[in-house]
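Work through the exercises below with the sequence and the coordinates open. Each has a task sentence and a solution in steps.

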Amino acid sequence: MDGKERKQRKHQQKHSGPKADKKKLRKQGGSTEEDGRKRNPKAFAVQSAVRMAKTFHRAQDIKAKKHHIPLVDRTPLEPPPVVVVVVGPPKVGKSTLIRCLIKNFTRQKLGDICGPVTIVSGKKRRLTFMECNNDINTMIDLAKVADLVLMLIDASFGFEMETFEFLNICQVHGFPRIMGVLTHLDSFKNNKTLRKTKKNLKHRFWTEVYQGAKLFYLSGMVYGEYQIQEVKNLGRFISVMKFRPLVWQTSHPYVLVDRMEDLTDPERVRTEPKCDRTVSLYGYLRGTNLKNKGQVHVPGVGDFQVADVNFLPDPCPLPDAQKKRALNEKERLLYAPMAGVGGVVYDKDAVYIDLPANHVNQQQEEVRPTTELVQSLIDTHATLDVKMAASKVTLFSGSATLDPADIDQQTGEKEGPREKLVWDPNTQRERRVVVFSEEGREEEEEEEEEDDDDDDDDDVDDVSGSSDGEDSDQEEEEKDEDEDEDEDNLSTFLKEARAKSERTEKNGKGSPPPVKKQKLEEKGEVPVFADSDDDLERSQEESEEKGDAGRAGDSGHCSEEDEEASDDDDEDDNDEESDDESVEEEDGAAEAAAEEQMRSESEGEEEQGALRWKDCLQQKASEAFLRQQAAAPNLRKLVYGSVAEAGDSGEDEEEELGGLFRVSRPQKSKKFTANSLDCSRFDPETSHNWDGEEMLNSIRDCFVTGKWEEGQDAATLLKEDEELYGDFEDLETGEVHKGQKEQQDDAENSEEEEEDNDEAEESLVKVDDDELQKNKRMEKKRRLKERFDAEYDDGDATYFDDLKEEMQKQAELNRAEFEDVDDEIRVQYEGFRPGMYVRLEISSLPCEFVNNFDPHYPIILGGLGSSEGNIGYLQVRLKKHRWYERILKTRDPLIMSLGWRRFQTIPLYHIEDHNGRHRLLKYTPEHMHCGASIWGPITPQGTGFLALQSVAGTKANFRIAATGVILDLDKSVTVVKKLKLIGHPYKIFKNTCFIKGMFNTVLEVAKFEGASVRTVSGVRGQIKKALSTPLGAYRATFEDRLLMSDIVFLRSWFPVTVPQLYNPVTSLLLPVGAKDGWAGMRTLGQLKYDLGIRNKPNTDSLYKPVVRGQRHFNRLHIPKELQKALPFKSKPKQQQPKGKTPRDMQRPSVIREPSERKVAALLQALTTVHNHKKKKAHTMQHTKHKEFLQQKEKQEVAKLKRQKEARKKLYRVMGQKDQKKQRSSLKGAPQDD
Amino acid sequence: MASHGLDYDGCNFFRQRLVLSTLSGKRVKIKNIRSRDDNPGLRDFEASFIRLLDKVTNGSRIEINQTGTVLFYQPGLLNGGSVEHDCNPQRSIGYYLEALLMLAPFMKNSLKATLKGVTNDPVDPTVDLLKSTALPLMKKFGIDGEGFDLKVVKRGMAPGGGGEVLFTCPVRRTIRPVQLTDPGKIKRIRGVAISVYICMCMSFNRIHRKILSFGLTLVAETLSGSFFSAEMSSTPQGQGDPILPEDLGRNCAKLLLEEIHRGGCVDSPNQSLALLLMTLGQQDVSKVLLGPLSPYTIEFLRHIRDFFQIMFKIEVQKPLEDERKGGDKVLMTCVGVGYSNINKTLK
């Protein structure tokens, strides 16, 4: 049809006319709501006040619901990597997913996923992936540290118990973000079943997590990997996800360990294989600030004192802030030392494993550096003599600078940039950072590189990338290199390691392997210049009696460098100030000596470096000195520095200097202070002369009468006011107040005016003055208005807003306070910040920890609060889990996960009675909370916990037995159980009884005097007094007379003791492969079952047939007197009931004659006829009467009707009459009245 | 698994150690208590203090050796509640109260302590001084409310004792961080003068032999609510030279001037209390401006580092050229440990 071809006409917009005008007006915003309001005010008026109130109320409710208690934002500027835990039942695709995600983010392939894998996922975010196996211990531990959980679900199978168990664990320990991932979706052939399953799973997941929780679908595998686009989407979700702060995590520091080194002396291990190990553990610090020397709990191992903490440069740093959208290829870092990737070990016991920077392009090797390999490398590298040398070095801290160089010469290996990363606690390396700023440090490295071999090509670029302007030629070189290899922009660690390996290759072998694995020996020491300042530091400290090697690395004790550097200068000043520091002078001397000695050494070693260092030092020292001058008494040193040893005197005695000499010091001063009077009063030693005027003048400004600060001064404020409200006339008095501004302003501008005092310019100045004054006035007005606004015009700021603002302010202050302080010093004040990569040294770990180390199991260092290391009684609220099929029995051991810990303990269940008594329960209630008392680690109230009956192996059914929360901590328990003491009466006077068998001694009775007792039948009584014989008998009174057969009992409450079992679950110490086999104390039931013991039942408890004897009751005897008084009804009846009539009284029967019989028959017949007639007549009569009654009724009705009508007529007439009467009365006055 | 303990020497700073030990849960061992003294071992007042500590805690373990030269203290949990204690009259109630002020906010039940003994003596801060300076200071840390009070029920002087003080303090879960950097200007000076066994209508000079004791406490309040205090008490009879009340008053005033000269937001006897409450605050930055640190405070800072691993940033603030505000001030900055009262029951 042609209609089809014809196009529909386009709408033509009007460009003129009234419609177009209207439209234009509307476009210009002519008629707004305001307009409407004006035009039609009624429509906008309040219709209903109630409704308005309601809507307002509701709006406020909604607003208030959104409020949370504001918390101070303590997140660090550079947060630690987000912990992404991948959980799921076996064979669900966890490793594959991690591998795909890592590939997605870093373009690198990873073989075995061992331990945490940290990657840089974006400009602001790093991720740490951790796979969670199906050991419930692992699940518990990882739930505590997870920020995000990827919960893998095999869609072809459905949910498995592990999933729900993990969700329940999460619920208890703070709910991290949870994202579900459905895998194995390709196993569905039918599309409809697929959709149905997806939906079912989704809804079930939502009920478990929250409505609308994200569930991802990974539809299928392509060449053993998930589809790229899907993984990418998942990755995107992860990298934009926001996390909620969890209470436990934000209040405790923790480290998910990603590297572990055994530092124990190999010789000692050889001779004593079971000796405790010294282990250093590495990882990102998360949670909150970590204090040095704190206590940590390692779940699965136990509680340990941290010997030392120091922070290392970030092995997986975020890219530098640059304005670009995506990450550079070189910035996509991957760090997984346990998996053997990025394991750039820069410690003294070091192994270097490297992936080439461009290895993405290279063919992937099947052989990946695994932990076994690393382990083997470690094993081979440490020859005994090297170790010996190293150990010697650490001992002789004084000569520490010499040795590494020696070793350097011996080995002939130059490891320039690596040295920078060496973190030797024994030489307090961390201090170097303070004295030399970053540039300094890097400069040193560069220099060393120059010295060593200049032909290194790519080791310089990124190292010196940040140290611009230090060395011009170096920089040029570096620039060139940058241009050449733009992609060579990896992290310093990778870079340096690579450089090293290449260098060694050049030195030694000819052909480099495709994947470079280089094992290098690590020096016990480092080059001199890098260390020299530390030595200065240390020598000082040694002189201050705290330089023992073990504690040297302790950053909690190291004092600030620059100040100390200049200590010599102001030592004498200090001495005057310090009151109890007679040691100071000696310090000074010792310092000077040590410094000199050290200098000479260092100069001998490496002149260049030393010179550089000196330059720097001089400059720094001069700066520091100036600062010192400004603040004369170096209080920090006074407080923490030199006198620290007075406190820990225990260490003094064993202290050694340089490993040879014992420090012996006159201890007079210490003894003097140690036992003096303990008083907080601070009396002035040199009292000022307060009689003199000048002294009094010195505090004049402390009073309100003194001079005020600029802007606060009352006089200036007053002046301001005067200027504002210059002249006014007092209308009441008629006075005219003139503003004095002219004079004042003249005074203010007097200098200017004095300069040009010419008369001719006077007028010009005047004009200028006017302008100036006007401006000034405006300015003042503005200021005043601001002040007014600040005071009154607070908007509708609520309490909540105020609180939020306060928190905001505090957060800003927290950030700003230590922002410009160097990290070295900052960690002393703040502790180590979350986000730092830290190394923790623990000195006494059991050897099984190292021997049975399995990187698949997470190692967590959970920091403990100040008193969380102690044990006490905990009172908890507990509920048996709905899905656990048994109830729990009191005194059955239970494994609990509380705080960081997993431990076995013996709980007592109880319930609170209405009077506050905690009554012991034998079993937990089925569907109710009950209390429980346990002996366990002190943990803050409000912490959640979960309980398991066993952690060994896997079971088909749900393993979480109970969940709960800590309520109270104490050192004693208040649980009681009911105790009924039973006794029998042996003598009964009226209401008084003697009762025996309840107590054994008089004393016991005395304790219970006045206690109430009861009989089984319910007669109440009271214990009165003990009797002398038999022992334990007493006199009691009752409200009624007792029977000898009565049983008397006393209800009492007996306090129970909680068994003190605290048995940490040491699952990490079990051999590899059997780590899920931890079995603790068995329950009584298990024990009996295992040993085949059966309970012998109490014979009294067995059921027997009840045999009851016949009871006879005596006759009721009523006294005669009473009988008399009773009414007849109640009187016992005297006469006997009628018996049988005796034979003589019985009458004989009559036998009739035949004639008599005939007569009788006739009479009988006649009577019958008569009766029949009578009956008939009666019925007749009855019917007649009935008819009559009917008629009568009819008549009655008719009569009534008639009467009614008649009455009606009558009333009508009467009514009319009445009306008439009324009408006439209304018309006027009645005539007849 | 109990946390490691700390070892100390000598009886000085006895209270600090025990108080910090109680708060941190770390056990402490004090050795060589007056070991070289003619009269070695713990004194009665120290024993009395330990007894008081035992009363307010639950589950503390205290071991003292035969001679009393070694004390081992494993702290229990702070219980609080109603406590009555006869303080040994060798030291005034202030000695005991200072420690109790530090512990009181962290108890399980709110503390209601009746302390009996000497209320005023020249050695320790008197009850009046603590009442007028320490309590307002604690209020700034968020410890206030209905039951926060210190009441002097009876006075008692040095040798005999017989005074009675009622101290009540509510329980707090957390302590607020503070920024006390502006001391403000002094607006008023108040004081308490006490005398025992003196007929006030008579001239002092005439009967000063019969005078047994008298004392004066002066408190200067600033606009921003800081308090400076000074006090003097006459020495107990028979000890030292008798002093005229007029002289005592003058000297006390001079002491107050000295205290003002030191300045800061907290006066010298309360420095350690302020620092402790800063330490036990949330993990936030607290700042307090102090006058010169007293030796007691310096030792306290070291102890805080031992027990809580907290170091203070100490900055000396020199007065400006034209300012006439007394001597150097010290700005103390720290980040709290994030201490929360683990004794308080969760309902």
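**Exercise 1.** Determine whether Arg107(A) is buried, partly exposed or exposed, and describe its backbone.

Solution. Arg107(A) has a relative accessible area of 37% and is therefore partly exposed; buried means under 20% relative accessible area, exposed over 50%, and partly exposed in between (1.4 Å probe, protein chains only). Next, locate the residue: Arg107(A) sits in the loop between α5 and β2 of chain A. Finally, read the backbone: phi of Arg107(A) is positive, about 60°, although the residue is not a glycine. For context, most residues other than glycine have a negative phi, and most peptide bonds are trans.

Two remarks on conventions apply throughout. This is a predicted model, in which local features need pLDDT of at least 70 and side-chain atom pairs count only at pLDDT 80 or more, while totals for chains, interfaces and linings use all residues. Residues are numbered from 1 along each chain as its sequence is written, chains are lettered from A and ligands numbered from 1 in the order in which they are written, and side-chain values use heavy atoms, with hydrogens and water left out.

**Exercise 2.** Repeat the analysis for His184(A).

Solution. The phi of His184(A) is about 55°, a positive value in a residue that is not a glycine. His184(A) belongs to the loop between β5 and α8 of chain A. Its relative accessibility is 30%, so His184(A) counts as partly exposed.

**Exercise 3.** Find the strand order of the open sheet of seven strands in chain A.

Solution. Helices (H or I, at least four residues) and strands (E, at least two) are DSSP runs, numbered from the N terminus. Two strands pair if DSSP finds at least two bridges between them. The order is β6-β5-β4-β1-β3-β2-β14, and the pairing is mixed. β6 and β14 (334-335) of chain A are the edge strands, each pairing on one side only. An antiparallel pair is formed by β2 (residues 117-120) and β3 (residues 126-131) of chain A, over four bridges. Ile119(A) has Leu127(A) as its bridge partner in β3(A).

**Exercise 4.** Trace the neighbours and connections of β5 (residues 177-183) of chain A.

Solution. Start with burial: six of the seven residues of β5(A) are buried. On to β4 (residues 148-154) of chain A, which pairs with β5(A) in the parallel sense over seven bridges. Leu150(A) has Met179(A) as its bridge partner in β5(A). Together with helix α7 (residues 161-172) of chain A, β4(A) and β5(A) make a right-handed β-α-β unit; right-handed means that, with the strands pointing away from the viewer, the path from the first strand over the helix to the second runs clockwise. β5(A) also pairs with β6 (residues 215-217) of chain A in the parallel sense, over three bridges. The chain passes from β5(A) through helix α8 (residues 191-208) of chain A to β6(A), in a β-α-β crossover that is right-handed. Gly180(A) stands opposite Leu215(A) in β6(A).

**Exercise 5.** Which peptide bond joins Thr1029(A) and Pro1030(A), cis or trans?

Solution. The bond is cis, with omega about -15°. Pro1030(A) lies in the loop between β34 (1020-1026) and β35 (1034-1038) of chain A.
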